[in-house]
Structure formats: C-alpha cells, structure tokens
Amino acid sequence: RTLLELFKKHNEDARKLVGISKTPATLAKYDRCYQRLEEFMKVKYNISDISLKEIGHMFITDFENYLRTESKCNENTTAKFMQTFKMIVIIAKNNGWIYTDPFSNYKIRLKRVDRGYLTDAELQKIMKKKFPTKRLEQVRDVFLFSCYTGLSYVDVKELKASDIRISFDGKPWIMTHRHKTDTPVNVPLLKIPQAILQKYEGQLPKGQLLPVLSNQKLNSYLKEIADLCGINKNITFHLARHTFATTTTLAKGVPIETVSKMLGHTNIETTQIYARITNEKIRKDMEVLAGKLDAML
C-alpha cells in the first residue's frame, strides 16, 4: 500500500461527508496537503508515490524542510500540514499496514500567536465615524455586530430570523450552531447588535439579516475603515471575534468559561488563545485586592 493511494481514498471519503460531518474548508485542507506531498516527492525523490512501509523519520523531516523552504510556509502552516500527514500515517498504523509509527520521534510544534484585538477607544472611533459611502457604513455595521456577539464570518452570513429567539429571561438571544463545528452557540443580544439588526430589518433580500459581502471584500473595506479612523492595526473580520473575547467580555469581568461557551468552543484552551487579559483588567483586579488588603489593616 502506498501513501498517496491511501491519502486519495481518505479525501474521497471526506468529500462524501461535506455538508454532513465535514466542511468544505476541511476538505480543502486535506487536498492541499495531498498536493504538497505529491509535489515534494517529485522534487526531492523524483517518485510519484511511496510505500507506506518506506516512510521513515528522514522522509518526514525532508517534507518539513520542503514546506519551509520550497513552499515558503511559515511555522504554523507547516505544523498543520504535518498534522494532516500524520493523521494519514495513523490510519495506516491502525489498519495494520505499518507496524511502527515513523512520527514517534518527531514533534510537531505549533507556535503560539499573539492575536490582535481592538480596544474600547478604537471600537468607539469606528462606531462614531461618519463614512463617505454606504458600503463602508454597512461593512462597519457587520463588523461591529461580530465584535459584540463573537460570531464568525460564516455564522454572521448564515444568521436567520429564526436564530433570534426570546429566551428564559424575556430578552432576545442568538441561538444557533457554529457552521465550523456544529457546536451550539447561545449569546444574549446586547443593545448595539440589536440596534444594528433593527437598522436593516426588512431592507435586505432573501431573508438576510445583515448586508454581508464576501470575506475578501469585507477585509479589503476594513483596511480602508482602519485608515479613515486612524487605527494602525491590520483589521480583518476575524479580529472581531478576538475583540469580543478580549475587550467586550473578559476585560469587563466575564469569566472565561462563559466566554468559551458563547464562542462555541469545545475546549477552553482554544478560548485562551483568543483571549488575553488586558492591563486595564489587571488594574481593576488589583484595585479590588488592594481594597481588601487595606480593610485588613
């Protein structure tokens, strides 16, 4: 049995599950890794495939070096390709087609990335800015909606009227499932996102709640918005989710367990990557501590 033969079958099986238990993005990730392995073997070894039993530590490290040098992948992109490759090797081992794991002495290293976010002052700048075109105003509104709900691009795009429900507290909540993982998401609607929804109510075709453009166009317009507002940060739509985790919730004292639930994370460690404790939060917490210590004197 050969590597690409097994990989191809795995991807064909995954293709049938798109829309059931796999997303198109996951399938695209598998296909990209298959292509990289195919290219690597042609360039490095001048072969079109390799027996699973011939895959050793050197093959793995050569592939890693190829990704970093020839493919110009950064550390984390390389690590993700290696994770997908390892998954195929584990399938081979679980089926008894190989007896030793060639990855046993190889460590996949994901570098922790400090993800950006907007401060309250920057959010206020964007909120209060008068934009010269309606298109920029709409992009601003959709972005702010995500900053105050934590919804990802695809979840904002697919949001339906039936996803807004009056909950046990008599107030409107977003009650939906994440497109990426199908995890339940329940987020109380704050006044700002409520006002944004009301602004576009009945204004859009096909039952759309918000005027969501393609992700590429949104990101392009967000760069323009950053320039107009004098914000020297690389604003992308995904930054809104980071801002919700950091500025909108954690920095205001919302516990990380609650934030994790609202973001639809299945693992609290994922939330810890998005969220960082701001200096303002540290200051407030230490003021509380100082008050308690003063009371003891």
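Q: Ala, Val, Leu, Ile, Met, Phe, Trp, Tyr, Cys and Pro count as nonpolar, Asp, Glu, Lys and Arg as charged, and the others, Gly among them, as polar. How many residues of each class are in the lining of the second largest pocket?
A: Keep in mind that this is a predicted model, where local features need pLDDT of at least 70, side-chain atom pairs count only at pLDDT 80 or more, and totals for chains, interfaces and linings use all residues. Residues are numbered from 1 along each chain as its sequence is written, and side-chain values use heavy atoms, with hydrogens and water left out. A pocket, on a 1 Å grid over the protein atoms alone, is an open set of points where a 1.4 Å probe fits, with protein on both sides within 12 Å along at least five of seven lines, and its lining residues have an atom within 4 Å of a point. Sorted by class, that lining comes to 8 nonpolar, 6 polar and 1 charged.

Q: Which helix gives the most to the lining of the second largest pocket?
A: This pocket's volume, meaning the space filled by probe spheres set on grid points joined across faces, edges and corners, is about 260 Å³. Its lining has 15 residues, and Ile164, Leu197, Gln198, Glu201 and Leu209 are the closest to its centre. Helices here are DSSP runs (H or I, at least four residues), as are strands (E, at least two), numbered from the N terminus. With 4 residues, the top contributor is helix 8.

Q: Which element gives the largest share of the lining of the largest pocket?
A: The largest pocket holds about 2,100 Å³ of space, and 50 residues line it, with Ala25, Thr26, Lys80, Arg178 and Lys180 nearest its centre. Elements giving two or more residues include helix 2 (24–45), helix 4 (75–94) and strand 2 (172–177). By class, the lining splits into 15 nonpolar, 21 polar and 14 charged residues. The largest share, 7 residues, belongs to helix 4.

Q: How far apart in sequence are the parts that Lys233 and Glu122 tie together?
A: A search of the whole structure turns up 9 salt bridges (a side-chain nitrogen of Lys or Arg within 4 Å of a carboxyl oxygen of Asp or Glu). In one of them, the closest N and O atoms of Lys233 and Glu122 are 2.8 Å apart. Lys233 is in the loop between helix 9 (215–228) and helix 10 (238–249) while Glu122 is in helix 5 (residues 120–128), so the pair links parts separated by 111 residues.

Q: Is Glu122 buried or exposed?
A: Buried means under 20% relative accessible area, exposed over 50%, and partly exposed in between (1.4 Å probe, protein chains only). Its partner Lys233, at 34%, counts as partly exposed. Glu122 has 14%, so the label for Glu122 is buried.

Q: Which residues do salt bridges with shared partners join into one network?
A: Glu137 and Lys199 meet in a salt bridge, N to O at 2.5 Å. Glu137 sits in helix 6 (residues 134–147) and Lys199 in helix 8 (residues 191–200), so this pair ties parts that are 62 residues apart in sequence. Arg140 and Asp141 pair up as well, at 2.9 Å between the closest N and O atoms, and both are buried. Shared partners put these into one network: Glu137, Arg140, Asp141 and Lys199.

Q: Leaving aside neighbours within four places in sequence, which residues is Gln138 in contact with?
A: Gln138 is found in helix 6 and is buried, with a relative accessible area of 14%. Taking contact as heavy atoms within 4.5 Å, and leaving aside those neighbours, Gln138 touches Tyr200 and Pro211.
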